[in-house]
Every structure is written in structure tokens, then in C-alpha cells.
Amino acid sequence: MSGKAALSKEAIVAKAVELMVERGLAAVSLRRIATELGVSAPTLYWYIANKRELLDRVAEHLLRSGSGGVSPRPAKGQPWWEWLAARTTAMFRMMIAVRDAPQVIAGNRPTMDMLEGVDIALGELVAAGFSAREAQEVFFVLGAYVGGLALEWQSEASRESEGTDDSVLHGAVSDSDRFPFLAAAALERNSAMSTFEYGLDLLIRGLRSRHEELVNQA
């Protein structure tokens with residue numbers, strides 16, 4: 001690929017995602033992308049102003065791909081809380097599957113192309129009885145939960161892949177005489193999804209309780 005005419009913003013973002021998946025976020029730079037695409041680095045600036053815009057576009061790409069087919073609106077007859085749970089679950093699955101996705105999405109701002117979808121989603125919660133401000137807080141809280149837990153699990157996986165020896169710690173935690181409650185908890189090792197689903201259930205229950213308060217106040 002060579003020359004400005006052969007490039008597109010989508011191709012640049014796709015290459016950035018490819019580099020991130022293969023080598024991690026540290027490998028993503030405009031210079032490296034230019035090299036991979038066979039163009040000079042200044043050529044990319046026709047499409048992407050700087051690395052911050054690039055990462056926002058990468059975040060947009062990941063968020064769209066991570067929707068898992070979940071609609072920006074609840075399906076006909078679908079309760080709002082089930083729709084929220086489905087959206088959040090799809091996002092978490094994407095976050096733990098794509099290397100360094102939590103770091104990219106944590107610092108992003110929605111692009112202009114995403115604002116309509118964001119507004120539609122907020123409108124669904126407003127229609128359910130939340131204020132616009134509180135609806136936004138709902139998505140902020142769910143996003144922070146997903147990002148934080150995904151980062152934790154990816155970091156844990158990285159620790160294991162690096163061959164870190166935690167055998168002494170694991171042995172101590174399994175010692176029921178010294179640490180009876182830790183040992184009891186360690187009998188069943190949680191998976192990323194089981195921990196996620198436990199926390200999501202608590203959050204959804206809390207949101208439904210808050211919704212009931214709002215309805216009763218109306």
C-alpha cells in the first residue's frame with residue numbers, strides 16, 4: 001500500500017488494532033503503523049491528527065466490535081436491566097479477549113460518530129425513569145466496573161504468562177490452620193466470568209432498587 005489515495009482512516013485504525021493484539025499497546029505508534037502500511041509517517045496526518053485521536057478511534061473500533069450484537073435499545077418487551085446486563089457482559093468479554101483493551105478504552109472520549117448511539121442509550125434509561133445525569137452515571141459506573149475488572153484479569157494472566165513463581169504464596173493461602181477463611185475461599189478458584197457475573201448481579205440489583213426509589217418519588 002502506498003500513497004495517500006490508498007489509505008483510509010479505517011485502514012490505519014485496523015492496523016493499530018492488529019499491532020495492539022499482536023504486540024501490546026506499547027507497540028502502537030503512528031510511525032510503526034506507517035511502516036507497516038508502507039507509507040511515510042507524515043502521510044498518516046491527513047487522516048489522524050495525533051496519537052490521542054488514534055487511540056480514541058481504536059477505542060471506538062473496540063467498543064463497536066464489543067457490542068456483541070446487542071442493540072443500542074432494548075428489544076421489544078425486554079426490561080431495561082436485562083438490556084444493560086447484556087451490553088455490559090458483551091463489553092467485558094471483548095475487554096478480556098483483546099490485549100490491552102482496558103487501557104485504551106479507559107482514557108478514550110467518544111468520537112462524533114459515536115454520539116448518536118450514546119444519546120440513544122441514555123434516552124432509554126431516561127424513558128425508564130432516570131434523569132439524564134443519573135443515566136450517564138449508570139453507564140460511567142458500569143464502564144468503570146468492566147474496565148477495572150478486565151484490567152485485573154489481564155494483569156493476572158500476564159503475571160502467569162511471565163512465569164512468576166507464586167508457589168509460596170499459594171501454599172500459605174491454602175494453609176487452613178494459619179488462614180482458615182482464605183483457605184476456604186481458595187478451594188474454588190473463580191474464573192473471570194464468574195467474578196464478573198457476581199459483581200454485575202450486585203450492580204443491577206442496586207440499579208433496580210434505585211429505579212424503584214425514583215418511581216416511588218414521581
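A residue counts as buried when its relative accessible area is under 20%, and in this predicted model both Trp80 and Phe130 meet that description. These two residues make a convenient place to begin.

The ring centres of Trp80 and Phe130 lie 5.3 Å apart with their planes at 85°, so the pair is edge-to-face, since planes over 60 degrees apart are assigned to that class. Trp80 belongs to helix 5, which covers residues 80-97, while Phe130 sits in the loop between helix 7 (115-128) and helix 8 (132-161), so this pair ties together parts that are 50 residues apart in sequence. Together with Trp81, the residues Trp80 and Phe130 form one aromatic cluster. Trp81 also has a charged neighbour, for Arg208 lies over the face of its ring, at 3.7 Å from the ring centre.

Another aromatic pair is made by Tyr145 and Phe196, whose rings are stacked, with 5.8 Å from centre to centre and 20° between the planes. Because Tyr145 lies in helix 8 and Phe196 in helix 11 (residues 192-217), the pair ties together parts that are 51 residues apart in sequence. Phe196 has a relative accessibility of 0%, and therefore counts as buried. The count of aromatic pairs in the model comes to five.

From the aromatic rings we can turn to helix 4, which runs over residues 51-65. At 1.5 Å a residue, its 15 residues should span 21 Å, and its end C-alpha atoms are indeed 21 Å apart, which agrees with that expectation. At the N-terminal end of helix 4, Asn50 acts as a cap, with a side-chain oxygen 3.2 Å from the backbone nitrogen of Arg52. Among the buried residues of helix 4 are Leu54, Leu55, Val58, Ala59, Leu62 and Leu63, and the buried residues also include Asp56, Arg57 and Glu60. The buried residues of this helix pack against helix 1 (9-23), helix 2, helix 5 and helix 6 (101-106).

Helix 2, one of those packing partners, spans residues 30-37 and holds Thr35. Is Thr35 buried or exposed? Its relative accessibility is 60%, and because exposed means over 50%, Thr35 counts as exposed. Measuring the separation of Thr35 from Glu53 in two ways, one finds 18 residues in sequence and 19 Å in space, taken from C-alpha to C-alpha.

Key
Residues numbered from 1 in each chain as written. Predicted model: local features only at pLDDT ≥ 70, side-chain atom pairs only at ≥ 80, totals over all residues. Heavy atoms only, no water. Phe/Tyr/Trp six-rings, centres within 6.5 Å; stacked < 30°, edge-to-face > 60°. Helix = DSSP H or I, 4+ residues; strand = E, 2+ residues; numbered from the N terminus. Buried < 20%, exposed > 50% of the residue type's maximum accessible area, 1.4 Å probe, protein only. Lys NZ or Arg CZ within 6 Å of the ring centre and 35° of its normal. Expected span 1.5 Å × (residues − 1). Contact = heavy atoms within 4.5 Å. Polar contact = N/O pair within 3.5 Å; in protein donor to acceptor, adjacent residues only side chain to side chain.
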